[in-house]
Structures are given as structure tokens and as C-alpha cells.
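Open your viewer and get the selection box ready. We will go from stop to stop, with something to pick at each one.

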Amino acid sequence: MDSPGSPPFLTLTFFTILLVLISGAYSFYLPGVAPEDFKQGDDLNVKVNKLTSTKTQLPYSYYSLPFCRPEKIVDSTENLGEVLRGDRIENSPYAFKMREPRMCNIVCQLILDAKTAKEFKEKISDEYRVNMILDNLPLVVPLAVRRVDQESPPIYQLGYFVGVKGQSVGKDEKYYIYNHLSFTVKYHKDLQTDTARIVGFEVRPFSVKHDYEGKWNGVNTRLSTCDPHTKQVVVNSNTPQEVEDKKEIIFTYDVDFQESDVKWASRWDAYLLMNDDQIHWFSIVNSLMIVLFLSGMVAMIMLRTLYRDISKYNELETQEEAQEETGWKLVHGDVFRPPQNSDLLCVYVGTGVQFLGMILVTMIFAVLGFLSPSNRGGLMTALLLLWVFMGLFAGYSAARLYKMFKGTEWKRIAFRTAVMFPAIVSAIFFVLNALIWGQKSSGAVPFGTMFALIFLWFGISVPLVFVGSYVGFKKPAIEDPVKTNKIPRQIPEQAWYMNPIFSILIGGILPFGAVFIELFFILTSIWLNQFYYIFGFLFLVFVILIVTCAEITIVLCYFQLCSEDYLWWWRSYLTSGSSALYLFLYATFYFFTKLEITKLVSGLLYFGYMLIVSYAFFVLTGTIGFYACFWFTRLIYSSVKID
């Protein structure tokens, strides 16, 4: 029998599995930009990005602080994903020339006033980091801690801190700014052409109170604390630069170039290494083995039990035997009776299909490497665009189910499918964006981008949902394998463990248990400013999630029908969808145990965004469980003889 929305996604699933098997657990790297060759003396454009903090989760543009500025600030072109991430990429006053080291270059002098000193102190207190980019590589600070294998590369921290808090003197805390940057640019040289490609961009920040004799003469002033003529180099912060009103700060930098054996295609490998990759491997394999074991047991029990039931029902010959029989066959006249709020169920199922299609196609692009970190904002942009275009499948699925429920007003269902979920998410997002605006953060979505999102929604997504609904409604209605009685059968009193609330809450534990380990790494990458690029593992976990949602829903649906309770439509959706509740509870646990967020606005942002994620997870897992139960009930009732 035709199942709404299933044929195209079966094809997509098969295609994705094929790609993953070809590419392996780790996705191979297809760069987001073409390599650029530099000759000796070529200018290198160092760009500055946002200031970030894991304590506030509020990004700010680099020039929101009174750092040294170039003559003219030029914004780089940003894609939709970069804008939504709060990236603000601009040119910088740092001037590099390829393979030409520089020592103690003066950038500018800054005399602090009470306002600028307060701004620096606030950012230092909130542990903000400065992010820069060179040849599309982010600036990193190599940490002193090395891995067990001493030959492996060091662990990197994205960006350097604006400054550091010193020891308290009485009631006043001392704040020191990192005003001297020692850059290291690593390059891979082509011996034939004598050109080089950049494969690393590192920095060691120092806080130094620079001294000079005489009057300040701009960038030509000769410093006694950092002088290329006398080879006086900054190697420590014995006399740090304090941040106070009327203090003079001189910003300086060194540039060193190091030849590297790392090839350009592998330059991201060190960035993508995880601190606890062995734990990651062990956890994923352990989760996979447990879920596969449970899946095998569930499948074996279900197949044996169902085979016995169907054989027994088909062997009943006399009417007396049929009347004495109990179990799921007795509710055959009510099992396909349309549920209450069937329109809302159609809307949620259609939205879930939209999510499923978006994630599957995103996985394909991720496995192929098109969503690599070098393509900043690529993942966010892909998710948004795929969500919009998957509206076609959402409308089709919702309309097919709606027509099966004997519905006639397909336009109303199409409109609700196109508007309901995005409207709820947009309302939450608008409130969160207003909070970000109030903090004057660069993470606030500009009005122009807001209009672009509205256009994607109403200009593309809504029409595609209507087109899909029209096509789906024009197809013949899905026929039930058994006839539905006119008078509903009375449902007998149920055992305590078959109580709807209890069984729904129990049903969400297993799907959440299959993904919570990977969820830890995803939350860490989002909220602790780390890279996540193990899409092969992520796909395996997603497959485990689909299988687990389907199996737990089928098992509980079977027990429900055996108890002569035929109200399975909504319960099948809520059973696997309840895993979203555990996801939100885990996000709450993660907030209090792993994050150091203390500000109210930052906490509201965290829980607001995690509420959106949990809601989306509910729609996705609920739809998977619903279709599994839908297929299961049609299969078993079409396998028995009904008099």
C-alpha cells in the first residue's frame, strides 16, 4: 500500500547509506575555497572576526572595542549562515608579507579613558576571545597540554583572550590586556615554483607595558621593551599592561614564518582533532552495539509473536471460536477510525517529513565534504535552504494523510502545514533576537536578513507546500485494509503500565539513550566554541535513532492493540516524540554542569534555542514513530482474514 511521503525518502536513505559506506566514518575533505599560491613578498590579508565568549554566548564585532583600526574598515561579503552565526568579518591593521618575518611592529597607541577602560574590563571579565582569519584559516592558540603521543599536533584553542584578570589587590581586581601578538604563519612550499600555500595560523599573546624614550612619534617610535634593532623580543609578560583610566597602551606584533610538511588539503586536520576522540569512538561504538542488540531482540520477539498470532487467527473456523478470541484482531473495526484533531496530526506529520528530508540531504552534502568548516556558515545556509525546498514533501505527506481521513479542504491543511511550525519558531526567535539587540551584540539578525528569511518562508516554502498538497490530494486516497464500524467499540479498562502518559514517557527513553552521547559532543561544539566535523558518526547515530524510534513505537503499539485500545494514532506520534522531553532535560543538566553562564540574558538565549531544538526533535522523532506504527498496523491487519 502507498504510504504518504515514503517513496522519495526511501530512495534518499538508500543513497545516503551508500555514500557513507563509500566515505567511511570520517568524512573526507573537499575544501570550501580554492587554494591560493603566494610568492615571497606577497601581501597577506589578515581579517578580524567577531569577539566570542562561552560565558555570555553573545558575539560582538571586533571594532566594538577600541582596538587599532585601519584607515578604512571594509566588511567582507557574508552568506546567510555567517550572518545568523553573528560573524562580522572585516579588514585589520595587521600587515603581513609572505615569508618576510617582522619583529616588534607598532600598530597604534591608545590612551584609555574611563569608558574604554570599562569596556575592556567587561570583555576581559567575561573571557572574550578575539577571532582572526588568514587565507580562510581561523587564528588559534596552541595550548601547552599535548596529547599522549608527543609526535601528534598540539591541542588548539580558537582565538586568543582579550586579556586576563590579575591577582586582587585589596577590593580592586587588576585587569591586563594582551597588547603584543606573536603570530606564526605556517606554509607548505612548492619546490618547483617557489610558491607557498598557508597551512597554519597561530598566535601567542602577551601583555607588555611598553617603554620608550622621549615623545611619542607614532609607529616610528623606538621601543625599549621590544626593539628589532637590538633583537629585544617579547618572550614573557613580566611587566604586564594594566587596563585603567588614563593608561597608555601600545599595540605591537611579531610575524614569523615556518615551513611545514602539512599539505594544503590536510591543513584543517589539526583543527578538527577532538580532545577526547578515544572516548568519542568508544562511546559511539558502545551505543551502537547496545542498540543493535536491543533491536535484534525486539525484532525476534515481534516476528515470532506476530507470526503465531496471525497463524492462530487465520485458523479459526467457527463463529464461536472467533467470539472467544481476544487481542488485537478484535479492534479491527476501529483501528483505522480517524483520531481526534486529525487535522493537527496531518500538519505535524507533514512538518516531520520536511525535517527528515532536510536532515537526510544535509547528511549527503556533509559526507561529501561541502559543509566543511572552511565554508563558514555553509551548514546553517544549507539547513535553511533545504528546509524551504522540502516544503514540497511536507505538503504532499500532509495532504495524503488528510485525504485518508476523509478530509476535503486541502488548502486549509496546506496553509497550516506551511505556517504553524515556522510561526512558533519565529515567535521564539523574534523574542531572543530582541534580547540580543538589547545587548548590542553582533549576533542580532539585521533587518535585511530578517526580510530575506521572511521571503524564503512566504515566497518559496509556502508555495511549495501548496504545490505538494495539490499533488498529494489529487492522488487516490489510501485505502484501509479493513472496514471501520459505524459505532466505536468501548475500550476496556487498561492495566497501569498501559496508561497513555506512562507508556509515552517510557517510549522516549530508548531513542534518547541512543543519541545522548553524540548530543554531548554537539552541545559542546555549539556552546563551547569547538569544531564538529564527524558527520560519518553523526549519520550512524541518526540511523540508530530512526531504527530505535520505529521499533519502540511498534512494540508499544502492539501491546496497546493487544489490550484492545485502538487509539494509536496520536500515541504512536507522542511515544517516540517524547524523547524531545529528555533532550531538553539533558540540555538543562548540561547548562548547570558544563557551562559557566551567569547572566540572565545569556541563560534565556540558551534555553530559548534549546527549546527550539527540542521542539524540532519532537516533530522529527514523532513522525518517524508514527510512520513506523502506520506501516505496522496496515501490515498486520492486511495479513489476517476478517469475516
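**First stop: a loop**

Select N136: at 12% relative accessibility this residue counts as buried (buried means under 20% relative accessible area, exposed over 50% and partly exposed in between, with a 1.4 Å probe and protein chains only). Before you go on, note that this is a predicted model, in which local features need pLDDT of at least 70, side-chain atom pairs count only at pLDDT 80 or more, and totals for chains, interfaces and linings use all residues. Residues are numbered from 1 along each chain as its sequence is written, and side-chain values use heavy atoms, with hydrogens and water left out.

N136 sits in the loop between β4 and β5. Helices (H or I, at least four residues) and strands (E, at least two) are DSSP runs, numbered from the N terminus. What is the phi of N136? It is near 70°, a positive value in a residue other than glycine. Now add D135, which belongs to the loop between β4 (129–134) and β5 (137–138). Phi of D135 is positive too, near 50°, and D135 is buried, with a relative accessible area of 16%. For background, most residues other than glycine have a negative phi.

**Second stop: strands**

Select 180–189, which is strand β11; seven of its ten residues are buried. Which strand pairs with β11 in the antiparallel sense? That is β12 (residues 196–206), over ten bridges; two strands pair if DSSP finds at least two bridges between them. Show Y187 and you will find I198 of β12 opposite. The hairpin of β11 and β12 has six residues between the strands, and in it D194 takes a positive phi near 60°.

Next, select 248–259 for β13, which pairs with β11 in the parallel sense over eight bridges. K186 stands opposite Q258 in β13, while H180 stands opposite T252 in β13. Keep T252 on screen and add I106, which also stands opposite T252. Strand β3 (residues 102–111) pairs with β13 in the antiparallel sense, over seven bridges.

**Third stop: a pair of helices**

Select 509–527 for helix α13 and centre on F516, where there is a kink of about 45°. The bend at a residue is the angle between axes fitted to the seven residues ending there and the seven starting there. Buried residues of α13 include P511, F512, L519 and W527. Following α13 is N529, with a positive phi near 60°.

Add 535–562 to bring in helix α14, which packs with α13 at an angle of about 160°, their axes 8 Å apart. Axes are lines fitted to C-alpha atoms, for helices over the stretch in contact, and angles run from 0 to 180 degrees between N-to-C directions. The two helices, α13 and α14, are therefore roughly antiparallel to each other (angles over 145 degrees count as roughly antiparallel, under 35 as roughly parallel, 65 to 115 as roughly perpendicular and the rest as oblique). To see where they meet, show L510, A514 and I522, among the residues of α13 involved, together with F537, V541 and I552, among those of α14; contact means heavy atoms within 4.5 Å.

**Last stop: an enclosed helix**

Select 569–577 for helix α15. Seven of its nine residues are buried, so α15 is largely enclosed by the rest of the structure. The buried ones are W569, R571, S572, Y573, T575, S576 and G577. What do the buried residues of α15 pack against? Colour α7 (342–368), α9 (391–404), α12 (500–507), α14, α16 (579–594) and α17 (600–637) to see these partners.
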